[in-house]
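Grab a pencil and work through these exercises with the structure on your screen. Try each task yourself before you read the solution under it.

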Amino acid sequence: MGEGGNQRVGAAGERVAARYLIRAGWSLLDCNWRHHAAELRGELDIVARDGESIVFCEVKTRRGERFGHPAEAVIPAKANRIRSLSMAWLRQSGLVPEHVRFDVISVWLPRADTTYGTAHLEHIRAAF
């Protein structure tokens, strides 16, 4: 699958995750927030409010298990980058949350398409 295919799968997984969080009563604050500073470049998939907590959700999407569990892709270097990006997001937003948490949402999409109905999702709270 080419780069465009991977991006489409990732975007579909992020839509599934966002719908899941909204149904759970969370408030979405930002999606696909990008930071372009030379010293720190990257993207936060979903920033949401869960009660008094601001939660930075990394969404990993797969069409199968061939490349392992999606959450396994959040290696320590990736987790550190997300932590740094979250601090930049908080500075930009001006919010001073009581609690901050980092979750990983794994999404498995059906092999034939990227529809919502048959996706499977696993939410790991306080993943790192």
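**Exercise 1. Which residue forms a salt bridge with Arg101, the closest N and O atoms being 2.9 Å apart?**

Before you start, note that this is a predicted model. Now the solution.

Step 1. Look for the acidic partner: Asp103 is the residue at that distance from Arg101.

Step 2. Check the surroundings. Both Asp103 and Arg101 are buried. Arg101 has 16% relative accessibility, and the cut-off for buried is under 20%, so Arg101 makes the grade.

Step 3. See who else joins in. Asp50, Arg101, Asp103 and Arg125 are linked into one network by salt bridges that share partners.

**Exercise 2. Find the salt bridge between Asp50 and Arg101, and work out which strands it connects.**

Step 1. Get the distance: the closest N and O atoms of Asp50 and Arg101 are 3.2 Å apart.

Step 2. Place the two ends. Asp50 sits in strand 2 and Arg101 in strand 4, so this pair ties together parts that lie 51 residues apart in sequence.

Step 3. Is Asp50 buried or partly exposed? Its relative accessibility is 21%, so Asp50 counts as partly exposed.

Step 4. Take in the whole picture: a search of the whole structure turns up 6 salt bridges. Another one of them joins the side chains of Arg34 and Glu43, at 2.5 Å from N to O. Glu43 is buried, with a relative accessible area of 17%.

**Exercise 3. Trace the sheet and say which strands stand at the edges.**

Step 1. Write down the order. The open sheet has 5 strands, arranged 1-2-3-4-5, with mixed pairing.

Step 2. Find the ends. Strand 1 (27–37) and strand 5 (120–124) each have a single partner strand, so one side of each has no neighbour in the sheet.

Step 3. Add the twist, which averages 30° from one strand to the next.

Step 4. Zoom in on one pair. Strand 1 and strand 2 run antiparallel, with 9 bridges between them. For His36, the bridge partner in strand 2 is Arg41.

Step 5. Put a helix on the picture: helix 2 (residues 76–93) lies across strand 1, strand 2, strand 3 and strand 4, at about 70° to strand 2.

**Exercise 4. Which members of the largest nonpolar core touch the most other members?**

Step 1. Go to the core, which has 15 residues; Ile46, Cys57 and Ile105 touch the most other members.

Step 2. Ask where the members come from. Helix 1 (3–23), strand 2 (40–50), strand 3 (53–62) and strand 4 (99–108) each give two or more residues. The largest share, 6 residues, comes from helix 1.

Step 3. Follow one residue. Leaving out residues up to four places away in sequence, Ile105 touches a list that includes Ala17, Tyr20, Leu21, Cys57 and Leu121.

Step 4. Don't stop there: apart from this core lies another one, of 12 residues, with Ile54, Phe56, Ala88 and Phe102 among them.

**Exercise 5. Where do Asn32 and Ala126 lie, and what is the phi of each?**

Step 1. Recall the usual pattern: most residues other than glycine have a negative phi.

Step 2. Check Asn32, in strand 1. Its phi is positive, about 55°, although it is not a glycine. At 33% relative accessibility, Asn32 counts as partly exposed.

Step 3. Check Ala126, in the segment after strand 5. Here phi is positive too, near 50°.

Technical notes. Residues numbered from 1 in each chain as written. Predicted model: local features only at pLDDT ≥ 70, side-chain atom pairs only at ≥ 80, totals over all residues. Heavy atoms only, no water. Core = buried A, V, L, I, M, F, W, Y, C linked by side-chain atoms within 4.5 Å. Buried < 20%, exposed > 50% of the residue type's maximum accessible area, 1.4 Å probe, protein only. Helix = DSSP H or I, 4+ residues; strand = E, 2+ residues; numbered from the N terminus. Contact = heavy atoms within 4.5 Å. Pairing = 2+ DSSP bridges. Axes fitted to C-alpha atoms, helices over the stretch in contact; angles between N-to-C directions. Salt bridge = Lys/Arg side-chain N within 4 Å of Asp/Glu carboxyl O.
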